[in-house]
Amino acid sequence: MASFAESSRARSRASMEAARLHARLGTDMSIPIDVFEVVRELGVWLSARDLSSTLFGFYLSDGGTFGICLNDRHPEPLQRLTCAHELGHHMLGHQSALDLERHISGGGDTSLAEVEAQAFASAFLMPPGLVNRKMRTLDLNGRSGLTDLDLYRLARTMDTSFSATVWRLVDLEILTPAAAKELARKGPSKAKAILIQPFAAPGRGEVVEVDAERQDLALCRVGDHVMVDLPNHGDSGYIWVADGQLPGSFPPGLVWDGAGTLAQAAQPLVARHAPESGGGSRLHFQFEAPGPAEVSMQLIRPWEASPRPAAELPLNVVVQPEHQVVGMDAAQIGAYARRVGS
């Protein structure tokens, strides 16, 4: 096992390598880091396979050919962390590596190479510029006693796992190790439950929050819970109606019936309505198929012959599949085929 001084030097070296790669790539620090695209750009083969339950992924270095394989059973934020870890092995000149949970999370007895790869992954997916920007957007800068809900929301904006986000804030001296340990122990389940009650129980999908001021659905995947906060009108009789073109084939024209449901049977959209304190409303969506989605929500009096909306909220989103990488990376195969055929 490496000494504390050796581990500190390894983490510092890895963090500097991650910063150099971002500088070289000119990374946009306003959006989550696209680690899959970076791997493609670097010419490292990428794939996802049904690996054993203990194997998170592996890095292959063989005679000038380099590859990364991810466990396709894992949710994509965890796959992204694993991919960044394997990218760390590549960028730091390591040999081939099989990575278990303790290597990805940084716990347990690990080699210096694994310490470096774990530190690279954290610094690469959550560089200071991105973390500071997202904390400022969520009004978390300078706040003491960050909660599990605060940290879950921060993780969602960066498309990173809850645990990795918590420990990254220790690196950046935003959280103490003791606070991080307690937050990591609790995990994100309670935070997710707070956000989606009373509509559903926390499951595999993440929670995406949307309101009239912030309509960012860039991180929406199949199965995610989309929570839309809507202001109500002061006058009586107004209700929110919604219709649009959503992934799948079904009749448009969704209307809240006043009894708590907004969805018709056999549609790939599930949406519910519940009154909120303060006169607002909250809608719950779950998209069950990938593709472009357009939802137009209007606050109207439905009995009027030609109702004029008191308010409108359009939502436009491309619903992503649960996993970008399935089998061998399709983008790389296509590029290789074009090179061979030219």
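## Salt bridges and a helix contact in a predicted model

Asp-50 is exposed, with a relative accessible area of 53%. The value clears the cut-off of over 50% for exposed residues. This is a predicted model, and Asp-50 is a good place to enter it.

**The Asp-50 pair**

Asp-50 has a salt-bridge partner, Arg-73. The closest N and O atoms of the two are 2.5 Å apart. Arg-73 sits in the loop between β3 (65–71) and α3 (76–91), while Asp-50 sits in the loop between β1 (45–49) and β2 (55–62). The pair therefore ties together parts that are 23 residues apart in sequence. Arg-73 itself is partly exposed, at a relative accessible area of 43%.

**Other salt bridges**

The count for the model comes to 14 salt bridges. Three of them are set out here.

| Pair | Closest N to O distance |
|---|---|
| Arg-73 and Asp-50 | 2.5 Å |
| Arg-143 and Asp-150 | 2.9 Å |
| Glu-37 and Arg-40 | 3.2 Å |

Glu-37 and Arg-40 share one helix, α2 (residues 35–41). They are three residues apart, about one turn of the helix. Glu-37 is partly exposed, with a relative accessible area of 30%.

Next comes the pair Arg-143 and Asp-150. Their side chains meet in a salt bridge. Is Asp-150 buried or exposed? Asp-150 counts as buried, at 9% relative accessibility. Its partner Arg-143 counts as partly exposed, at 41%.

Some salt bridges share partners. These join Glu-76, Arg-80, Arg-156, Asp-159 and Arg-221 into one network.

**How α3 meets α5**

Helix α5 covers residues 112–125. At what angle do α3 and α5 pack? The angle is about 120°, and the axes lie 7 Å apart. The two helices are therefore oblique to each other. The range for roughly perpendicular stops at 115 degrees, and roughly antiparallel needs over 145, so an angle of about 120° falls into the oblique class. The crossing of α3 past α5 is right-handed.

Both helices supply a list of contact residues. From α3 come Arg-80, Leu-81, Ala-84, His-85, Leu-87, Gly-88, His-89 and Met-91. From α5 come Ala-113, Glu-114, Ala-117, Gln-118, Phe-120, Ala-121, Phe-124 and Leu-125. By class, the contact has ten nonpolar, four polar and two charged residues. Arg-80 appears in this contact and also in the salt-bridge network.

**Leu-100 and its contacts**

Strand β4 (residues 97–100) includes Leu-100. At 28% relative accessibility, Leu-100 counts as partly exposed. Which residues does Leu-100 touch, leaving out those up to four places away in sequence? They are Thr-54, Leu-55 and Phe-56. Thr-54 is 46 residues from Leu-100 along the chain, yet their C-alpha atoms are separated by 5.8 Å.

**The chain as a whole**

The chain has eleven helices and 13 strands. It holds 342 residues, and buried residues make up 46% of them. Take the contacts with a separation of 6 or more: residues 24 or more positions apart account for 59% of these. The contact of Leu-100 with Thr-54 spans 46 residues.

Conventions:
Residues numbered from 1 in each chain as written. Predicted model: local features only at pLDDT ≥ 70, side-chain atom pairs only at ≥ 80, totals over all residues. Heavy atoms only, no water. Salt bridge = Lys/Arg side-chain N within 4 Å of Asp/Glu carboxyl O. Helix = DSSP H or I, 4+ residues; strand = E, 2+ residues; numbered from the N terminus. Buried < 20%, exposed > 50% of the residue type's maximum accessible area, 1.4 Å probe, protein only. Axes fitted to C-alpha atoms, helices over the stretch in contact; angles between N-to-C directions. Parallel < 35°, antiparallel > 145°, perpendicular 65-115°, else oblique. Left-handed = near helix turned anticlockwise from the far one by under 90°. Contact = heavy atoms within 4.5 Å. Nonpolar A, V, L, I, M, F, W, Y, C, P; charged D, E, K, R; others polar.
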